Amino acid sequence: MWRSAARWGHQRSSEAQSAIFNFQSLLTVILLLICTCAYIRSLAPSLLDKNKSGLLGIFWKCARIGERKSPYVAVCCVVMAFSILFMQ
């Protein structure tokens, strides 16, 4: 399939992939979600504490991960920033 696409002048580009299929982008989105939820919970805890289950419970769980594992999350954010700035 890719040979026929290359024959017509189309090339496979990693920039055209969405965050679901690009592992580094997926990790970046997850880290941003964890950091954002932890920040929102520090400002207004009642927003996330009332939704501990269900679909919106994902945000409460991300906030808990950000609070309890904050040194590890911070190191992951620094490593991810370094890889985005200097490796690509």
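**Exercise 1. Find which residues Ser83 is in contact with once its neighbours within four places in sequence are left aside, and describe the setting of Ser83 in this predicted model.**

Solution. Begin with the contacts: with neighbours within four places in sequence left aside, Ser83 is in contact with Gln24 and Gln88. Next, place the residue in the chain, where Ser83 belongs to helix α5, which covers residues 70-87. Then consider its exposure: the relative accessibility of Ser83 is 17%, and because buried means under 20%, Ser83 counts as buried. Finally, look at the side chain of Ser83, which reaches the backbone oxygen of Met80 at 2.9 Å.

**Exercise 2. Starting from Gln24, work out which residues it touches, and whether Gln24 counts as buried or partly exposed.**

Solution. Gln24 is located in helix α2, and, when residues up to four places away in sequence are not counted, it touches Met80, Ser83, Ile84 and Gln88. One of these partners, Met80, is 56 residues from Gln24 in sequence, while the two C-alpha atoms are 8.3 Å apart in space. As for exposure, Gln24 has a relative accessibility of 25%, and since the partly exposed class lies between 20% and 50%, Gln24 counts as partly exposed.

**Exercise 3. Describe the span of residues 70-87, and state what the UniProt record says about it.**

Solution. Taking the geometry to begin with, the span of residues 70-87 is 100% helix and 0% strand, and its end C-alpha atoms lie 25 Å apart. Turning to the record, an unreviewed UniProt entry carries the annotation "transmembrane region" for residues 70-87 as well as for residues 20-40.

**Exercise 4. Identify the residues of the largest nonpolar core, and say which elements give two or more residues to it.**

Solution. The largest nonpolar core has nine residues in all, namely Leu31, Ile34, Cys37, Leu48, Trp60, Cys62, Ala63, Val73 and Met80. Two or more residues of this core come from each of the elements α2 (23-43), α4 (57-68) and α5. To look at one core member in detail, take Trp60, which is in contact with Arg41, Leu48, Asp49, Asn51 and Lys52 when its neighbours within four places in sequence are left aside.

**Exercise 5. Decide whether Gly57 counts as buried or exposed, and find which residues it touches.**

Solution. Gly57 is part of helix α4, and its relative accessibility is 0%, so it counts as buried. When residues up to four places away in sequence are not counted, Gly57 touches Asn51 and Lys52, and both of these also appear among the contacts of Trp60.

**Exercise 6. Summarise the protein chain as a whole, and judge where its predicted coordinates call for care.**

Solution. The secondary structure of the protein chain consists of five helices and zero strands. Of its 88 residues, 18% count as buried, and its accessible surface comes to about 7300 Å², with 67% of that belonging to carbon and sulfur atoms. Among contacts with a separation of 6 or more, 52% are between residues 24 or more positions apart. For confidence, the chain averages a pLDDT of 80, and 77% of the residues score at least 70. Among the elements, the lowest mean pLDDT, 50, belongs to helix α1 (residues 2-7), whereas the highest, 91, belongs to α4. Where pLDDT is low, the predicted coordinates should not be read in detail.

Conventions. Residues numbered from 1 in each chain as written. Heavy atoms only, no water. Helix = DSSP H or I, 4+ residues; strand = E, 2+ residues; numbered from the N terminus. Buried < 20%, exposed > 50% of the residue type's maximum accessible area, 1.4 Å probe, protein only. Polar contact = N/O pair within 3.5 Å; in protein donor to acceptor, adjacent residues only side chain to side chain. Contact = heavy atoms within 4.5 Å. UniProt positions renumbered as here; feature names shortened; annotations may be inferred. Core = buried A, V, L, I, M, F, W, Y, C linked by side-chain atoms within 4.5 Å. pLDDT = per-residue confidence, 0-100. Areas by Shrake-Rupley, 256 points an atom, 1.4 Å probe, with all protein chains shown as cover.
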